[in-house]
Number of protein chains: 2
Amino acid sequence: MASRTINQPAVLPLPPPRERILAAARELFYRHGIRAVGVEAIAEAASTNKMTLYRHFGSKDELIAAYLTELAKEGDDIWDQLSQEHPGDPQAQIEGWVQYVERILTDCGERGCAIANAAVEMREFDHPARQIIDDYKMRKRNRLVALFREAGYAEPEQVADEVFLLFEGARISIQCCSSGPAVRVARMLRSLLAEHAPKAHTKSKMQKTSAKRS
Amino acid sequence: MASRTINQPAVLPLPPPRERILAAARELFYRHGIRAVGVEAIAEAASTNKMTLYRHFGSKDELIAAYLTELAKEGDDIWDQLSQEHPGDPQAQIEGWVQYVERILTDCGERGCAIANAAVEMREFDHPARQIIDDYKMRKRNRLVALFREAGYAEPEQVADEVFLLFEGARISIQCCSSGPAVRVARMLRSLLAEHAPKAHTKSKMQKTSAKRS
DNA sequence: ACGCTATGTTACTGACCGGTAACGCCCTCG
DNA sequence: CGAGGGCGTTACCGGTCAGTAACATAGCGT
């Protein structure tokens, strides 16, 4: 509404092409798979064309890398959000994470983790995607360990690994049998965490968010 | 050594082309991914050619389906083998399965479950592969439930789901961080099973194969 | 020896893919 | 106003893909 001509129908300005391309790639890569989607289709879905795509991303592989980098960034942000919502309360952060897991497995479609899927599709060991994927999953696992350690769990690595694998298993198996074990993973996580929960004498707050069984 | 001419150098007869093609497809699909491998490469790896391939499999999709059917068959056979090795002893069958899991995750490469990988790659909901994949994973889950029920576990579905997801998670995450949590899944399984193991008054034999912690 | 079937060989089609060249447009900034 | 940069458009390249046609060959049973 600033310096625009008045009677112009205000075509609601599109985001810049790079963002549109990345958004389109995200949608198509996730829905159909990386190898199954051509750059032309991405450009078209982004309301632009191949040339513009190649001006922003030197190659399809670069676009894939950017796509995964974006996904990884958002995945990492979850943890910061959690520690921001429940500062100094690791137990509440854990519960928040379980809710996040629950939400992801019910709301999001049946395509699982886009990053893990990319790991399946991009198998060339020297592909730039590999590093992004491996680093992301490792960070995620380490974040879990740190969280459980902070919350005073007796064996944080063990619990983190188990929780990690349960979640990963849920996200892959929802692609095979959508109404299978995956939808019950949140319940599993809660009872598992309750079993291994730290005893009361730890430093965690233990106010309202003590682990609950269903 | 029957009616073959004596001085003929006995070129060690190859298996029939169909088997060779299926074996080559298996190797290449698993190693590089289904979409990443062309039919020509498969024919060549099978020491034959595209024409012969298309005489046995009407299309690449049919070959994929045959590939997955074979894998599913072998996966199903595991259970029969287990119940054959430990007839009437479900607890021993469970332990045998855990050893099988252990073996798969250490011996086999870092490519995870070929069937789950196929589920990631073949996303067209009407692809013949989908049915094979979904059915297989469901059978597997149900086998686990049956086994735990037979062994007298109090909540066989819960335990089976948890075990199922742990295994699936291990097989997918070994493709992301190969020396990560996946390699410790057997230990997890054993302690998990020990925790939920049926009390002594069940019908299971409980001789030598009582659950052991490490 | 015959004929049938399975296989090998070569060449081809049409479609699609990733990637590029060349040109023209429009907007903005100076 | 002019210049330049971002963007759109079209056409194209070489390569690869799935799938097919036509023909040659080898093995086998009869």
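How do the residues of the surface near DNA strand C divide into nonpolar, polar and charged? In this predicted model, that surface has six nonpolar, five polar and five charged residues. The briefing below begins with the DNA surface and then turns to the contact between the two chains and to the symmetry that relates them.

**Surface near DNA strand C**
- Among the 16 residues around DNA strand C, those that come nearest are G38(A), S59(A) and K60(A) from one chain, together with T48(B) and M51(B) from the other.
- Two or more residues of this surface are given by each of α2 (39–45) and α3 (50–56) of chain A, and likewise by α3 (50–56) of chain B.
- The element that gives the most to the surface near DNA strand C is α3(B), with four residues.

**Contact between chains A and B**
- The contact brings together 34 residues of chain A and 34 residues of chain B, and on the side of chain A at least two residues each are supplied by α6 (114–121), α7 (128–150), α8 (156–173) and α9 (185–196).
- Of these helices, α8(A) accounts for the largest share of the side of chain A that touches chain B, namely 11 residues.
- Sorted by class, the side of chain A that touches chain B comprises 17 nonpolar, seven polar and 10 charged residues.

**Symmetry**
- A turn of 180°, with a shift of 0.0 Å along the axis, lays chain A on chain B with an RMSD of 0.1 Å, which means that the chains stand in the relation of a two-fold axis.
- Both copies use the same surface, in that 100% of the contact residues of chain A recur in chain B.
- The residue of chain A that comes closest to the rotation axis is G169(A), whose C-alpha lies at 1.7 Å.

How values were computed:
Residues numbered from 1 in each chain as written. Chains lettered and ligands numbered in written order. Predicted model: local features only at pLDDT ≥ 70, side-chain atom pairs only at ≥ 80, totals over all residues. Contact = placed C-beta atoms within 7 Å. Nonpolar A, V, L, I, M, F, W, Y, C, P; charged D, E, K, R; others polar. Near = placed C-beta within 6 Å. Least-squares fit on C-alpha atoms with pLDDT ≥ 70 in both.
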